[in-house]
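Biologist: Before I take any labels on trust, could you show me the model and then explain the reasoning behind each one?

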Amino acid sequence: MSESDPLLVIVDAANVVGSVPDGWWRDRRGAAERLRDRLAADGLPGRSGPVEIVLVVEGAARGVETVPGVRVESAPGSGDDHMVDLVAGAEGRPVLVVTADRELRRRVQELGAEVSGPRTVRPA
């Protein structure tokens, strides 16, 4: 991959949605769709330059559709394992994983990814 490749932003949907107690548990799929739509509209606040956003969903949120600006991937098993696989497959490309999950943070940082918390993509 080259330096001109856009930053790959992998968003842990379950972790980001679960970071605010706003009733998301009543409609996990709807909460993931709202996050997807906000990411499609706002991109990654505070980052200049092109980004490729991948929203990883699991469990009851599986089946959320991709929209322009956000590719949605339904994890076939563990969302964490799927995100680690995406980072491993990035092959030297710059990667940012958005999650507060400590174990996931450790795993992707070992592969060279940058990590930031849910506030990165949540409204202030």
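Modeller: This is a predicted model, and a search of the whole structure finds nine salt bridges.

Biologist: What makes Arg-29 and Glu-33 a salt bridge?

Modeller: The side chains of Arg-29 and Glu-33 come to 3.5 Å, nitrogen to oxygen, and since the cut-off for an Arg nitrogen and a Glu carboxyl oxygen is 4 Å, the pair therefore counts as a salt bridge. Both residues belong to helix α2, where they are four residues apart, about one turn of the helix.

Biologist: Why is Arg-29 called partly exposed?

Modeller: Its relative accessibility is 34%, and because the class of partly exposed residues runs between the buried limit of 20% and the exposed limit of 50%, Arg-29 falls into that class. Glu-33, with a relative accessible area of 25%, is partly exposed by the same reasoning.

Biologist: How do you know that Arg-106 and Glu-110 form a salt bridge, and how are they placed in helix α4?

Modeller: The closest N and O atoms of Arg-106 and Glu-110 are 2.6 Å apart, which is within the 4 Å cut-off, so the pair qualifies. In helix α4, which covers residues 102-110, the two are separated by about one helical turn because they are four residues apart.

Biologist: Is Glu-110 buried or exposed?

Modeller: Glu-110 has a relative accessible area of 60%, and because exposed means over 50%, it is called exposed. Arg-106, at 36%, is partly exposed.

Biologist: Which residues are joined into one network by salt bridges that share partners?

Modeller: That network consists of Glu-52, Arg-71, Glu-73 and Arg-93. Within it, Glu-73 and Arg-71 have their closest N and O atoms 3.0 Å apart, and Arg-71 is partly exposed at a relative accessible area of 32%.

Biologist: What makes a set of residues a nonpolar core, and how many residues has the largest one?

Modeller: The members must be buried nonpolar residues joined through side-chain atoms within 4.5 Å, and the largest such core has 22 residues, with Val-9, Val-11, Leu-35, Leu-39, Leu-55 and Val-121 having the most contacts inside it. Several elements supply at least two residues each, including β1 (7-12) and β2 (51-57), while α2 gives the most, with four residues.

Biologist: Which residues is Leu-35 in contact with, leaving aside its neighbours within four places in sequence?

Modeller: Leu-35 is in contact with Val-11, Ala-13, Val-16, Val-17, Leu-55 and Val-121. Apart from this core lies another, of 16 residues, among them Ile-10, Val-56, Val-97 and Val-108.

Terms used
Residues numbered from 1 in each chain as written. Predicted model: local features only at pLDDT ≥ 70, side-chain atom pairs only at ≥ 80, totals over all residues. Heavy atoms only, no water. Buried < 20%, exposed > 50% of the residue type's maximum accessible area, 1.4 Å probe, protein only. Contact = heavy atoms within 4.5 Å.
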